[in-house]
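New to this one? Have a look at the structure below, and then we can walk through some of its parts together.

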Amino acid sequence: MAGRVSADDPRIGELLGRALGPGDRPRAILLGFPSDEGVRRNGGRPGAAEGPAAIRRALARLTPDPRDGADEARALVERTSDLGDVAVTGDVEADQRHLAAALAPWLGDGVFAIVLGGGHETTYGHFLGYVAAGRDVELLNWDAHPDVREPTPAGGHSGSPFRQGLEHPSAPARRYVVAGLAPQSVARAHLAYVRQHGRAVFRDELTPTVVRELLAAARDPTLASFDLDAVDQAAAPGVSAPGVDGLTAAEWLRIAALTGACPAVRSVDLVELNPRYDEDGRTARLAALTVWQLLHGLARR
């Protein structure tokens, strides 16, 4: 990840991984999954495959927090390794298995993982990383949609990852919580399915108190997924399925910081950035700030 190098004006791109030597264990990793074939299968607009590169460009330009007390966050950035992207082929199931294989050693070793999507099919590959590591996991999704649709005859897609995780034949997810739901985007049957397996929280119910309650109730290990379409379209136009009356950018970033600080959360993914529809790069900047806030939260553990 290239950055602007300056002794008195350092950027994340310059600092990322700087304290790591050969063979050193990172505190956190970044891993891209440039896939949007699952979005195509789900009838969405393609382009999310370009998301990881756009997030990295925006993240590299950010400045580390200059305020007193932020040294731990900067130190964490210097011990975060960017592993690049998983090579994808367009075969959703094979690509998800490749993502799982790339993640499993890190998840098994307790290294915090941030997966940069990609469509929301990213999350099922992320989940399979826990299966491959032999670890039971709980699912937490910040999203306007529950994403518990049935797979299509062609297979899983961006709208099915949490159903697939909950119905995995050998290692189903323990519980599923989704928060930020837009009522106009949730079928009654899907709401009932979520409630059968965990908890559903709608956008107008997602107060700061509820956010903290959800994170306090999370059980170790928890996989947290951040779907950018939960944010109002005014702040996040560049997503696969934009919506109105979503979370504000400030609400979203506070949730990211609190999620990063939650001891039960062991990995996250950030999905559905679609640079083809991103006016002025604002959604990519929001995605980069999401990663920034996750790392700041993680540094407070």
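## A first stop at Ala217

Leave out the neighbours within four places in sequence, and Ala217 is in contact with Glu138 and Arg175. Keep in mind as you look around that this is a predicted model. Ala217 sits in helix α9, which covers residues 208–217. Is Ala217 buried, exposed or partly exposed? Its relative accessible area is 41%, and because buried means under 20% and exposed means over 50%, Ala217 counts as partly exposed. For a sense of distance, take Thr152: Ala217 and Thr152 are 65 residues apart in sequence, and their C-alpha atoms are 33 Å apart in space.

## The sheet

Now for the strands. Eight of them make an open sheet with parallel pairing, and the order is β2-β1-β3-β8-β7-β4-β5-β6. At the edges you'll find β2 and β6 (198–202), each of which pairs on one side only. On average, neighbouring strands of this sheet are turned by 15 degrees against each other, direction ignored.

Here are three of the strand pairs, all parallel:

| Strand pair | Bridges | Bridge partners, one pair |
|---|---|---|
| β1 (residues 28–33) and β2 (residues 80–85) | four bridges | Leu30 and Asp82 |
| β1 (residues 28–33) and β3 (residues 112–117) | six bridges | Ala28 and Phe112 |
| β4 (residues 138–142) and β7 (residues 222–227) | five bridges | Asn141 and Ser225 |

Why is β1 described as largely enclosed by the rest of the structure? Six of its six residues are buried, so the description follows. Both faces of β1 are covered: on one side Ala28, Leu30 and Gly32 are buried, and on the other Ile29, Leu31 and Phe33 are too.

## Two helices that meet

Helix α11 (residues 282–299) has helix α10 (residues 249–261) as a partner: their axes come within 6 Å and cross at roughly 35 degrees. The crossing of α10 past α11 is right-handed. On the α10 side, the residues that meet α11 are Ala249, Trp252, Leu253, Ala256, Ala257, Thr259, Gly260 and Ala261. On the α11 side, they are Leu286, Leu289, Thr290, Gln293, Leu294, Gly297 and Leu298. What kinds of residues make up this contact? There are 10 nonpolar, five polar and no charged ones.

Notes. Residues are numbered from 1 along each chain as its sequence is written. This is a predicted model: local features need pLDDT of at least 70, side-chain atom pairs count only at pLDDT 80 or more; totals for chains, interfaces and linings use all residues. Side-chain values use heavy atoms; hydrogens and water are left out. Axes are lines fitted to C-alpha atoms, for helices over the stretch in contact, and angles run from 0 to 180 degrees between N-to-C directions. Helices (H or I, at least four residues) and strands (E, at least two) are DSSP runs, numbered from the N terminus. A crossing is left-handed if the near helix is turned anticlockwise from the far one by less than a right angle, and right-handed if clockwise. Contact means heavy atoms within 4.5 Å. Ala, Val, Leu, Ile, Met, Phe, Trp, Tyr, Cys and Pro count as nonpolar, Asp, Glu, Lys and Arg as charged, and the others, Gly among them, as polar. Buried means under 20% relative accessible area, exposed over 50%, partly exposed in between (1.4 Å probe, protein chains only). Two strands pair if DSSP finds at least two bridges between them.
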